[in-house]
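Here is a short briefing to read with the model open beside you. It takes the ligand site, the sheet and the helix packing in turn.

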Amino acid sequence: MSAVNFATQSDDSKICVVMVGLPARGKSLIAGKAMRYLGWVGISARVFNVGSYRRFSTPQPQAAFFDPHNEEGERMRRAAAEAAMADMLQWFNAGKGVVAILDATNSTKERRKWIYEKCHEAGIEALFVESICDDEDLIMTNIKEVKTTSPDYKGQDPEVAALDFRNRIRNYEKVYETIDDDEKNYTYVKLINVGSTVIINQIKDYLSSRLVYYIQNIHIKPRSIWLSRHGESEFNLTGRIGGDSNISERGEAYARALPELMRKSGVPENTKIVIWTSTLRRTIQSARHLKAETGYEKLEWKALDELDSGVCDGLTYEQIAEKYPEDFAARDEDKYNYRYRGGESYRDVVIRLEPIIMELERSENVIIVTHQAVLRCIYAYFMNVPQEQSPWMEVPLHTLIKLTPRAYGTEEQRFKANIPAVSTWRGKGTSARHQDFHAAEGEKGEGTETKH
Ligand SMILES: Nc1ncnc2c1ncn2[C@@H]1O[C@H](COP(=O)(O)OP(=O)(O)OP(=O)(O)O)[C@@H](O)[C@H]1O
């Protein structure tokens with residue numbers, strides 16, 4: 001494997017991201033997203049959630065359990081933290097772990113000192129991430145949105161659960177200590193009111209700085225991201241890959257249908273949407289009517305250009321199998337890592353898409369009109385699709401995918417334009433099925449699904 005990513009570029013540091021903050025400050029959301037992002041770029045990461053360890057002994061505690069004067073509660077919470085720490089150290093010792101995320105309130109200086117020392121002894125860099133939020137309305141919304149449905153309150157009245165959770169927070173507030181000058185030797189980032197102010201201290205290595213950059217870009221404003229391949233192209237019709245061909249007549253019909261398809265997918269009133277395309281003709285042409293009819297701002301990104309198929313550019317899969325049989329087989333064997341001669345692999349595409357993902361995290365509503373391989377990589381990021389699976393996913397032509405991020409997952413809806421197109425999907429060990437003229441064949445219909 002010749003691919004390089006930022007995991008291998010950086011030193012071989014092991015990092016423990018230590019979440020800090022009162023309950024309902026988005027710690028688990030940040031932890032979950034960071035893990036998904038790291039997995040996508042190929043870095044082995046795992047979340048150790050102290051709450052789930054505590055649930056073994058105390059599945060449904062009441063607010064009083066978290067009272068600092070409750071000795072029994074304190075002892076059990078300490079035991080849960082120790083068990084999570086032990087598992088984390090064992091995971092690092094087993095050799096494959098690069099980033100562990102310790103998801104708990106870690107609300108006192110004493111607790112953080114204990115974590116810091118444990119990590120230090122084991123040669124692990126501790127990176128503290130504190131989320132501070134004093135917006136009472138937002139906290140109440142958070143409680144109602146995610147806490148009343150937590151396993152801690154299973155089967156309980158949501159109103160009673162919300163009140164109990166509020167009291168749980170009050171108990172934590174009694175002992176909570178924000179990270180301050182006493183801890184100035186630690187590496188930390190403080191996110192205040194969902195990143196409207198960010199304080200960064202003592203970041204030492206490349207991986208930590210990438211992580212901090214990612215975390216500080218996260219926002220929680222409601223928004224959607226729409227994904228579409230370009231309309232059917234002339235190359236699609238002849239089964240050739242790569243190139244910079246125009247869209248076909250049916251591709252043009254899709255381009256005309258796209259504004260209506262967007263409306264059908266549900267665009268909230270007065271929503272500003274930005275169109276992103278690649279620099280290749282087929283995506284620009286596919287977004288042309290959408291831009292003209294809506295007046296949405298449009299950006300062209302080189303990073304969204306299709307996977308570069310090098311010497312195979314302009315060939316059909318049959319021709320590739322004939323001319324480069326070994327390469328064809330090698331690609332089937334490990335499609336994610338296979339790099340076309342003089343071209344790219346999926347792994348290379350993910351690396352060049354990293355700034356796109358960062359920008360997407362910062363952005364609100366965006367429609368991305370791009371290419372099959374690029375779309376698979378972007379989709380894999382949002383839907384947490386494993387690397388070995390993502391290059392084989394079917395992303396049909398003339399279909400709009402709407403992704404809506406929720407607190408702990410992304411909701412997906414697909415909208416098909418009723419315009420036939422060739423299928424460019426190729427199963428392992430076969431040549432392209434580009435002769436199949438049924439965009440809708442065997443696909444998932446319109447529907448909603450949430451993945452975590
Ligand atoms: N930086 C933030 N500040 C405040 N709220 C946030 C932030 N990030 C995400 N949220 C919101 O917080 C809610 C998720 O809460 P989450 O479960 O992640 O909190 P938590 O801090 O892990 O709580 P707990 O300590 O109970 O596990 C979501 O509704 C999300 O929109």
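The points below go through the ligand shell, the strands and the helices.

This is a predicted model. Its ligand has 19 residues around it, and six strands form an open sheet of mixed pairing. A good place to begin is the ligand, followed by the sheet and the helices that pack on it.

**Around the ligand**

- Of the 19 residues that surround the ligand, the closest are K27, S28, L29, K147 and Y408.
- Two polar backbone atoms come up to ligand oxygen atoms: one belongs to A24, at 2.9 Å, and one belongs to S28, at 2.8 Å.
- From E145 it is a polar side-chain atom that lies 3.1 Å from an oxygen atom of the ligand.
- On its own the ligand has 650 Å² of accessible area, and the protein covers 92% of that.
- Two elements, α2 (27-40) and α6 (136-147), give two or more residues to the shell.
- Helix α6 provides the largest share of the shell, with five residues.
- By class, the shell holds eleven nonpolar, four polar and four charged residues.

**The sheet as a whole**

- Reading across the open sheet, the strand order is β2-β3-β1-β4-β5-β6, and the pairing is mixed.
- The edges are taken by β2 (45-49) and β6 (197-201); each has a single partner strand, so one side of each is left without a neighbour in the sheet.
- On average, neighbouring strands of this sheet are turned by 15° against each other, with direction ignored.

**Strand pairs to look at**

- As a reminder, strands of a sheet pair through backbone hydrogen bonds, in either a parallel or an antiparallel way.
- Strand β4 (residues 125-132) pairs with strand β5 (residues 187-192) in the parallel sense, over six bridges.
- Within that pair, V129 has V189 of β5 as its bridge partner.
- On to the next pair: β5 and β6 run antiparallel and are joined by five bridges.
- One residue pair to pick out here is K190 with its bridge partner in β6, I199.
- The hairpin of β5 and β6 has four residues between the strands, and in this hairpin N193 takes a positive phi near 45°.

**Helices on the sheet**

- Helix α3 (residues 50-57) lies across β2 and β3 (99-103), and its direction runs at about 45° to β2.
- Helix α4 (residues 71-93) also packs on the sheet, where it touches β1 (15-20), β2 and β3.
- The direction of α4 makes about 175° with that of β3.

**A helix pair**

- Helix α8 (residues 206-217) packs with helix α14 (residues 346-362) at an angle of about 30°, and their axes are 8 Å apart.
- On the α8 side the contact is made by R210, Y213, Y214 and N217, while α14 brings E354, M358, E361 and R362.
- Sorted by class, this contact of α8 with α14 has three nonpolar, one polar and four charged residues.

Terms used. Residues are numbered from 1 along each chain as its sequence is written. This is a predicted model: local features need pLDDT of at least 70, side-chain atom pairs count only at pLDDT 80 or more; totals for chains, interfaces and linings use all residues. Side-chain values use heavy atoms; hydrogens and water are left out. A residue is near a molecule or strand if one of its heavy atoms lies within 4 Å of it. A polar contact is a pair of N or O atoms within 3.5 Å; within protein, one must be able to donate a hydrogen and the other to accept it, and residues adjacent in sequence count only if both atoms are side-chain atoms. Accessible areas come from the Shrake-Rupley method with a 1.4 Å probe; for residues, only the protein chains shown count as cover. Ala, Val, Leu, Ile, Met, Phe, Trp, Tyr, Cys and Pro count as nonpolar, Asp, Glu, Lys and Arg as charged, and the others, Gly among them, as polar. Two strands pair if DSSP finds at least two bridges between them. Axes are lines fitted to C-alpha atoms, for helices over the stretch in contact, and angles run from 0 to 180 degrees between N-to-C directions. Contact means heavy atoms within 4.5 Å.
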